[in-house]
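Please find below a colleague's note on the structure, arranged as numbered points. Each point may be read with the sequence and the model at hand.

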Amino acid sequence: MLVWTSCQDKAKQNVALPPTPVSVATAKIADAVYYNQYQGTVVAINTVELRSEVSGFITGIFFKDGDVVTRGKELYEIDRRKYEAAYQQAEANLLSAHANLVKAQKDIDRYTMLLKNDAVARQTVDQAQAAFETSKAQVAVAEAGVLSAKTDFSYSIITAPFTGRIGISQVKLGAQVSPGTTLLNTISAGNPMGIDVVIDEQDIDRFYKLQKSGTDSTFRLQLSDGSSYNKAGKVLAIDRGVASGTGTIKVRVQFPNDDDALKDGMSCVLNVLNNDSGERIQIPYKAITEQMGEFFVFVSQDTIAKQHKVKLGPRIGSNVVIMSGINAGDKIITDGFQRLRDGGKITTANPSQQAPGKAPKS
């Protein structure tokens, strides 16, 4: 019995396992243009909050909400009457100070002549000289008062600091405003616009190089509705430092906005051309297997399947870029590899064409 059992075991070992039917595809070199994606926010590069420098009631609004206003255009008027009166009073004070200065100058001239003839005391001349200096100081004070009153008077008309689009007014006619606290409106320049993104500190050097190169073909924008923005951008600014808590840094990319498609506050996706773009090996993504965080493919070598460790690039449609691990022209197993082991036998015959109960031919 022992001899018979031993013979049966040897017979089983001599029976070869049938080859596994598989499908293959050729690894090809193709143009691989792909982008890294960053979530971004549209921001106005130049934006200003309009606030009053003087207090009073709004007596005039000279624009329509959402209009594009030119630099220097009058936007709001604050009740000007008391500021105009203060300005006129300051000018009158200046005239009075000048008159006193002229009188003081004449007194000095007259007393100086009399002093030469010993017709007046020296003390009188000194007093006239002091009065003249006082009059000069009063003129300077009056001039400063005129400048201050004129400034307040000019602040009662609020103008556009630059050409841009103005928002919805935060105040109405007759509303009372306080200096520096009441927000009247916000105005922002609409062209160009900026896209703010946050990048990891490992990418800082890459973006500095892009900023120095000044290229405008690296950046593409995808809007929130999924459409592509057909204008190119360039790096405008990189923040001064890395955030200690997150290890990230803010980058602002500038885009032209001639057709006013970009609005302040919009969300978007910034696509940055990857440095590895170019002619790369590509295979079907379904041929990839993952084991413990590493990626492998099976390569057909005649009737044998060899497992290769690969480094993946980005996905492009149904394909994936292979950075290393295989060569162009290799036959990559795309179907049937689930039951394979390294060095296992394979056949590329269609399994449905095989006769039932028969092993496929190798």
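The points go from the whole chain to aromatic rings, charges, nonpolar cores and strand pairs.

1. Overall composition. The model discussed here is predicted. Its secondary structure consists of four helices and 24 strands. Of the 362 residues in the protein, 33% are buried. The protein exposes about 21800 Å², and carbon and sulfur atoms supply 50% of that area.

2. Contacts along the chain. Among the contacts with a separation of 6 or more, 75% are between residues 24 or more positions apart. Several of the points below give individual examples of pairs and groups of residues.

3. An edge-to-face ring pair. How many aromatic pairs does a search of the whole structure find? The search finds five. In one of them, Tyr 38 and Phe 207 meet edge-to-face, with 5.9 Å centre to centre and 80° between the planes. Tyr 38 belongs to strand β4 (residues 35-44) and Phe 207 to helix α4 (residues 204-213), so that the pair links distant parts of the chain, 169 residues apart. Both Tyr 38 and Phe 207 are buried.

4. A tilted ring pair. Phe 207 also forms an aromatic pair with Phe 219; this one is tilted, at 6.3 Å centre to centre and 35° between the planes. Because Phe 207 lies in helix α4 and Phe 219 in strand β14 (residues 219-223), the pair ties together parts that are twelve residues apart in sequence. Phe 219 is buried, as is Phe 207. Through these ring pairs, Tyr 38, Phe 207 and Phe 219 are linked into a cluster.

5. Charges over rings. Two arginine residues deserve attention here. The charged end of Arg 80 sits over the ring of Phe 153, at 4.1 Å from its centre. Arg 315 lies over the face of Tyr 285, and its distance from the ring centre is 3.9 Å.

6. The largest nonpolar core. This core has 32 residues, of which Val 69, Leu 75, Tyr 76 and Leu 184 touch the most other members. At least two residues of the core come from each of β8 (74-78), α2 (81-116), α3 (122-155) and β12 (183-188). Which element supplies the largest share? It is α2, with eight residues.

7. The surroundings of Leu 184, and a second core. Leaving aside residues up to four places away in sequence, Leu 184 touches Leu 50, Arg 51, Ser 52, Tyr 76, Ile 158, Ser 169, Gln 170, Val 171 and Val 177. A second core, separate from the largest one, has 24 residues. Its members include Val 42, Phe 207, Leu 223 and Leu 270. Phe 207 is thus found both in this core and in the ring cluster with Tyr 38 and Phe 219.

8. The hairpin of β20 and β21. Strand β20 (residues 294-301) and strand β21 (residues 304-316) run antiparallel and are joined by seven bridges. Within this pairing, Ser 300 stands opposite Ala 305 in β21. The two strands form a hairpin with two residues between them, and Asp 302 in the turn has a positive phi of about 60°.

9. The hairpin of β21 and β22. Strand β21 is also joined to strand β22 (residues 319-324), by four bridges, and these strands run antiparallel. Lys 311 has Ser 324 in β22 as its bridge partner. Here too there is a hairpin with two residues between the strands, and Gly 317 in the turn has a positive phi of about 65°.

Methods: Residues are numbered from 1 along each chain as its sequence is written. This is a predicted model: local features need pLDDT of at least 70, side-chain atom pairs count only at pLDDT 80 or more; totals for chains, interfaces and linings use all residues. Side-chain values use heavy atoms; hydrogens and water are left out. Buried means under 20% relative accessible area, exposed over 50%, partly exposed in between (1.4 Å probe, protein chains only). Contact means heavy atoms within 4.5 Å. Accessible areas come from the Shrake-Rupley method with a 1.4 Å probe; for residues, only the protein chains shown count as cover. Rings of Phe, Tyr and Trp (its six-membered ring) pair if their centres lie within 6.5 Å; planes under 30 degrees apart count as stacked, over 60 as edge-to-face and the rest as tilted. A charge sits over a ring if NZ of Lys or CZ of Arg is within 6 Å of the ring centre and within 35 degrees of the ring normal. A nonpolar core is a set of buried Ala, Val, Leu, Ile, Met, Phe, Trp, Tyr and Cys residues joined through side-chain atoms within 4.5 Å. Two strands pair if DSSP finds at least two bridges between them.
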